[in-house]
Every structure is written in C-alpha cells, then in structure tokens.
Amino acid sequence: MSSTMVGPAPAILSRRGLLGALAASVPLMAVPALAQPQLATPVIPGAPGATPTDVTIEGHILLVDGQPFAVRGVAGDGPLALLPGLGATTVRSYGEDPGPLLDEAGKLGLKVIAGLWVGQPRQGADYTDAAFRARQLAELEAVVTKYRDHPALLMWGIGNEVEVDLDDDSAVWPVIEEVAAMVARVDARHPPLAVLAETGTDKVEKLRKAAPSIRVLGLNSYGDALYSVAERARKQGWDGPIIITELGALGQWQAAHAPWGAPFEPSSTQKAIQLRRYLAALEEQGAGTILFLWGQKQEVTPSWHSLLLPDGVWLEAAEAMAQAWGGQPPGGNQAPRIASLRVAGEPSAPFARWSADEEGAFTLDALEPDGDLMEVRWFVMAESDDRGIGGDAEQVPALFPDSVRQSGPTGARLSGLKPGHYRIFVELRDGKGAGATANMPFEVQ
C-alpha cells in the first residue's frame, strides 16, 4: 500500500483536481475522532416516558403513535452517531440479538427494524422438517417476547431474501406466514415486514396471498430498478407500506464486466450521483429507504456496497443521504470527489492489460471541494474468486503491497506482478472524517 499527503492548492486549483505531480510516500495520517452530532429525542429503556411505540398502518402510510413516520436509514453495523445529523430515522438489522442495537439507537432517537433471521433453503434450511420449523419459530418468538416493549422498536423484519436461488420457492411462503402470525399474536404494537429480493414477476403476489399477516413489504433493490420498484409491487396487488430494505447505486450483477468476468465498480462519486437520483425517485413513490451497507463489507470488492471505509471514514453517499433527508453531513464537510481513474495513455479504456515484464500506469483526477489537505492511498488486490450469493460471506482477496512502485495524487505505477487478474484501488481522505474511493480491474499476461 502506498500513501501520499497532498497539501491544499491555491483556491482556483483545489476545485479542479490539479493536485501536483507524483510524490514520494509518507506515513499514513491518523483520522481524527468525529464529533457527535446533536442527538434526537432519546428513548432510553426505563427512563420516564420511555414506553413502547404503537405502530399502525393507514393505507400506504406508517404511523408511530398516530403520527406519520418516514423510514429513512441504513442497514449495517457501522457507528450510529452520525446518522441523526444526516436526517436518518431508522436502522435495520438482520437477525442477531437486537438488544444492543435497540439500546444504542434509542439513545440517538432512532427506530429499529429488528431482523428475525429465517433460515434460507439454499443454505440448508429444510422446511419439510417439522421439528426444524418448530424450533426456529420458538427461538424467534423468544426474541419477540424479550424485546417487544423496547421503545426504539419500529417493526419486525422477517427473513432476508429467503426465496433467492430456488427453483421452487413454494416452501418459503408458509414459513414467512407462520413467523408473521406469531409476531402479530405476541406483539400487536409492531407490524411484521417481509424482505424479498426485488419483486420478480410474481413474488409480491405470492407473498400477499400466502402470508396475509405481513403488513409491510420490504424489497431489496439496486440500480435503475429503483425507479420502478414500488410501481411494480403495486401492480402485483400490494396496497400497504413499502420499504426498500436494501438499496444501492449498482449491484455487481447489474454491472458491465471485463473479458475475464470482473465487474466494473462505480467510484464513490458516481455512486453518490446515482443515489441522489434514486432517493428522490423513491421519495416521490412514497417508499421508505434503507441504504446498504452502513459499514464495510467484502462483496466482490471491499468497497462495492460499503458506505464507510474500514476506519469509519464516510463517503459522499452520506452527503446524498443528508440532502435527501433534510440533514447535514458532519460539520458541513464535503467528501473528496473522484472525477476519473484511468489507464495512463488510454483514457477511454475500461480496464488495463500488460505483460508481466512490463509495468502498468494509471492516472487519477480528483478534487477536494473544501480545499482540505488530502491523503491518497493506493493498493492492489487480487480479483475476487469467491463470489457469494445473496450477500453470503466472501474471503478478502490477497493484497500485493510491493506492486505499487510509484504513486501520488495524480496516479500510480505498478510492476512485479505475476500473470493473473487484479484490481488497483485508490482511497482519498480529507482528514476531517470524509473520503472517496475508486478501483479498476486489470490483467497481467
């Protein structure tokens, strides 16, 4: 890995990305701790007035204690303190013990969609096994019973894409219904939500008919599919609230690919541009919005779905969230922007390719809108060959730190790699908690 500090250029240059020539590496700069934003009204368990909320439904609208409630938030395990300032109201979990999240979110005035993990047949859950179903239902009922009175609870999220990758999904709908019916029986204050991977041609209709206890529809959707996702669900007969329980700028399954199958990932700047459009469109459709992933996760790359860098630095997506939700990024700061990461000498090439006895070169055009000092880090990883399904855990590819031979704010040169498939990554940090990232696949022959 190579890192370079870039001082602020004169004002006219700092907004154009003309950041100087390649520089020598210097030690990494520590990112300062972020100030906690002004907190929303806390709901600490046991405090005066900290009573369970009553969540009801009127048509397409979700009401909390009789008042319309806009679901705007994130899924993931990143630090929550930034979220109220961005205008977020909600955090979604997937199936772990929701107690710590409920407590932390409540102190910040956030509500929680608490996930109830329903076993996925593609991972071995056997719904022909009555004992397995009974055991799962009992375990989930214990969770609902334990946390149903928590003042930060908004609703129960049943499963996550349980129907994915099945030739015959008929077994999953009765299971979703039995969990939803249990929730309705044990906790009348908080409605059950089911989470599907997109609408399919008839998945929403199947859910609606087979699981009538489900009150809120959750859909995981990405890219330009977001423009029509709510309309497509309505056409399948759904007339209740809709929450996009995962959304992102582009799924790797939607992206164009290099000849060897490596998908092209948008930069953090490109993602933020798309997210602004999608959030505006979903607001017009009246759908709740949950962005994926508030944290950092290896899925194709370490950055594809990550809204934060590994050290907690936030990306421009946070600005898109704040703009859509009436908030402000921390301190009014703006993240660095990446105009382009290109192959040197071939600015229109979508990927790079060179022989093992040659070197590769890349150029970077970036800017810091506030004129802040920028740190630039370059690193190379092997192309991932561990591709999960539906977000399953993946191995982090190998790093090749010695391959970055020369680097700086306008580019990098690589050599010494064996034949194979790789990616070059660049990360920018402004020293005030914000960053940017981009990568490009390449092949060494």
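**Aromatic pairs, buried polar residues and helix α8**

Tyr422 and Phe442 are both buried. In this predicted model, the search of the whole structure returned 10 aromatic pairs. One of these pairs is edge-to-face and consists of Trp354 and Phe362, with 6.1 Å between the ring centres and 70 degrees between the planes. Trp354 and Phe362 are each buried. A further pair, Tyr422 with Phe442, is stacked, the centres being 5.4 Å apart and the planes 15 degrees apart. Tyr422 belongs to strand β19 (residues 420–429) and Phe442 to strand β20 (residues 435–444), so this pair ties together parts separated by 20 residues in sequence. The residues of the two pairs also belong to one aromatic cluster, made up of Trp354, Phe362, Phe400, Tyr422 and Phe442.

Another arrangement that involves a ring is formed by Arg92 and Tyr94. The charged end of Arg92 is placed over the ring of Tyr94, at 4.1 Å from the ring centre. Arg92 and Tyr94 are both in contact with Glu246, when neighbours of Glu246 within four places in sequence are left aside. On the same basis, the contacts of Glu246 also include Asn160, Glu161, Leu219, Asn220, Ser221, Ile290 and Phe292. Glu246 is located in strand β11 (residues 242–248). Its relative accessibility is 6%, and Glu246 therefore counts as buried, the cut-off for this class being under 20% relative accessible area. The side chain of Glu246 engages the side chain of Tyr222 in a polar contact of 2.6 Å.

Asp169 provides a second case of a buried acidic side chain. This residue is situated in the loop between β8 (153–158) and α5 (172–186). Asp169 has a relative accessible area of 11% and is thus classed as buried. The side chains of Asp169 and Lys206 are joined by a polar contact of 3.0 Å. With neighbours of Asp169 within four places in sequence set aside, the residues in contact with Asp169 are Glu163 and Lys206.

Helix α8 comprises 18 residues (residues 268–285). At 1.5 Å a residue, a span of 26 Å is expected for α8, and the 25 Å between its end C-alpha atoms agrees with this value. The buried residues of α8 include Ser268, Thr269, Lys271, Ala272 and Gln274. Leu275, Tyr278, Leu279, Ala281 and Leu282 of α8 are likewise buried. The elements covering the buried residues of α8 include the helices α7 (229–235) and α9 (317–325). The cover also includes the strands β11, β12 (288–292), β13 (337–343) and β20. Strand β11 is the strand that contains Glu246, and strand β20 is the one that contains Phe442. Gly286 follows α8 and has a positive phi, near 75 degrees.

At the start of the chain, Met1 lies in the segment before β1 (2–6). The relative accessible area of Met1 is 46%, which means that Met1 is partly exposed. Not counting residues up to four places away in sequence, Met1 touches Arg377, Trp378, Phe379 and Pro401. Met1 and Ser407 are separated by 406 residues in sequence, while their C-alpha atoms are 9.7 Å apart in space.

Terms used: Residues numbered from 1 in each chain as written. Predicted model: local features only at pLDDT ≥ 70, side-chain atom pairs only at ≥ 80, totals over all residues. Heavy atoms only, no water. Phe/Tyr/Trp six-rings, centres within 6.5 Å; stacked < 30°, edge-to-face > 60°. Buried < 20%, exposed > 50% of the residue type's maximum accessible area, 1.4 Å probe, protein only. Helix = DSSP H or I, 4+ residues; strand = E, 2+ residues; numbered from the N terminus. Lys NZ or Arg CZ within 6 Å of the ring centre and 35° of its normal. Polar contact = N/O pair within 3.5 Å; in protein donor to acceptor, adjacent residues only side chain to side chain. Contact = heavy atoms within 4.5 Å. Expected span 1.5 Å × (residues − 1).
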